[in-house]
Structures are given as structure tokens and as C-alpha cells.
Amino acid sequence: MDKQHRKNRITILVIFAMSVIPFGIAWYLAKHPDAVRLGTNHGELISPPLVTDAGEFSGADPFSAEHIGELKGHWILVNPVAGECGETCRVALHKTNQIGLMMGKDIARIRRLALLFDNKLPLPAEWREDGRLLKAAPAPSLQQKITTINPSPLPDGSLLIMDPLGNVMMKYAPGYDPYQVRDDLGKLLRISQIG
């Protein structure tokens, strides 16, 4: 009898725990929403996206001025360059080149853009030789919009992703992993019906 009594007590405790534990977990997650990372993207989603206009970009060299229209209708990997392009900036530009190459058949849907906030500086030789890198200076209105994403100037080596409609919708901190960007961009390209 004592053995049966103990078995019944354990069964009641298990049923009680099965009903209370989920509520306890739900309460904890409601109080600490940062405890669980939702979504599968690696970059930081910009919400609401930063809406840009094609007229807010002006080509910084003859090649870019001629091809600036390619910004419309393509996914753009934007490398903000605040001043002179140092080692961090060059590594970031190399990473965006590698991301484009890793995209395989979707390479035609992607463009790269170096957004030069100080377009009076001379362009490095490797930029002039890169036939897939557009160089553009932002209009003052675009510079103002970018401060809504980041109050201080965007650090060298950071990355922005702009959709084919001109919406800057995702950003990555300096030192980003190009494989993670490739994964995010691959998902966006699979879902996207445009660009």
C-alpha cells in the first residue's frame, strides 16, 4: 500500500510540474525577451528601413557616374567610407568582393558601392581597376538620413545592404563574417521577386 501511495504522489507531482514549468518558462521569457534571439539573420535589421532615392548618389569617378543607374533594381552591398580608406576599409571592400563571388549565379543581381563621405580624397589604384565597384558620394539629404541609423558616423569596415527599391534594410558591424552576410543575402535573394 505504501508503495502504491508513493507512486500516486510521484504521478501527481509530475503532472503538476508538467503544467507549471511551461508557465514558468513563458513568464521568464516575457520578463526577459532578450534571452532568446529570434530570427535567423546575422546582421542587424534596420526598422523601419532607410528609404533612399537614386538622385541622392552621385558618381565619384567617370566609371561610377556612367553606371550609377545600376543602383536601381539590384541588391547593393554598401561600404561606407568616412575618410581615407585604411586597412579596415580595404579589408571590408575585399570581403564584399568575395561575397559577390560566393553568390555564384546570383552575382548579376548584386552590385557593390563604396559610399564616400569625403569625395575630395584621391581614389586608391585598386578601386580604379575594380570594374564591379561603384564609387559614389552621398547627397546631404542622404547623409542626414544615415544619422538616423547611427548617430555618429558609420565606422570604417561596416556594411549596409540596400534592396532593389533603394531601401537600406540591414547593417553589419566592422569585422563582420562574409559567410554570414552571404547566408543572409542568399535568403533575401531567394525570397525576393525583384532585383
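What radius of gyration does the protein have, set against that of a compact globule of 195 residues?

**View 1. The whole chain, in a predicted model.** The radius of gyration comes out at 24 Å, while a compact globule of 195 residues would sit near 16 Å. Box in the C-alpha atoms along the principal axes and you get roughly 95 × 35 × 30 Å. Buried residues account for 37% of the 195.

**View 2. Helices and strands along the chain.** The protein has six helices and seven strands. From start to end they run α-β-β-α-β-α-β-α-β-α-β-β-α. Among contacts with a separation of 6 or more, 68% join residues 24 or more positions apart.

**View 3. The largest nonpolar core.** This one gathers 17 residues, and F57, V78, L113 and V168 have the most contacts inside it. At least two core residues come from each of β1 (44-51), β3 (75-81), β4 (110-116), β5 (133-138), α5 (140-149) and β6 (159-162). Helix α5 gives the largest share, three residues. Apart from this core lies another, with 16 residues, including L77, I110, L188 and L189.

**View 4. Close-up on L113.** Leaving aside residues up to four places away in sequence, L113 touches F57 and L71, then the run I76, L77, V78 and N79. L113 also touches L133, L134, K135 and A136. Two of these partners, F57 and V78, are listed with L113 among the residues with the most contacts inside the largest core.

**View 5. Surface and charge.** The accessible surface is about 11,700 Å², with 61% of it belonging to carbon and sulfur atoms. As for charge, there are 22 positive and 20 negative ones, and their mean positions lie 13 Å apart.

Methods:
Residues are numbered from 1 along each chain as its sequence is written. This is a predicted model: local features need pLDDT of at least 70, side-chain atom pairs count only at pLDDT 80 or more; totals for chains, interfaces and linings use all residues. Side-chain values use heavy atoms; hydrogens and water are left out. A nonpolar core is a set of buried Ala, Val, Leu, Ile, Met, Phe, Trp, Tyr and Cys residues joined through side-chain atoms within 4.5 Å. Buried means under 20% relative accessible area, exposed over 50%, partly exposed in between (1.4 Å probe, protein chains only). Helices (H or I, at least four residues) and strands (E, at least two) are DSSP runs, numbered from the N terminus. Contact means heavy atoms within 4.5 Å. The radius of gyration is taken over C-alpha atoms; the globule rule is 2.2 Å times the number of residues to the power 0.38. Accessible areas come from the Shrake-Rupley method with a 1.4 Å probe; for residues, only the protein chains shown count as cover. Lys and Arg count as positive and Asp and Glu as negative; His and the chain ends are not counted. The place of a charge is taken as NZ of Lys, CZ of Arg, CG of Asp or CD of Glu.
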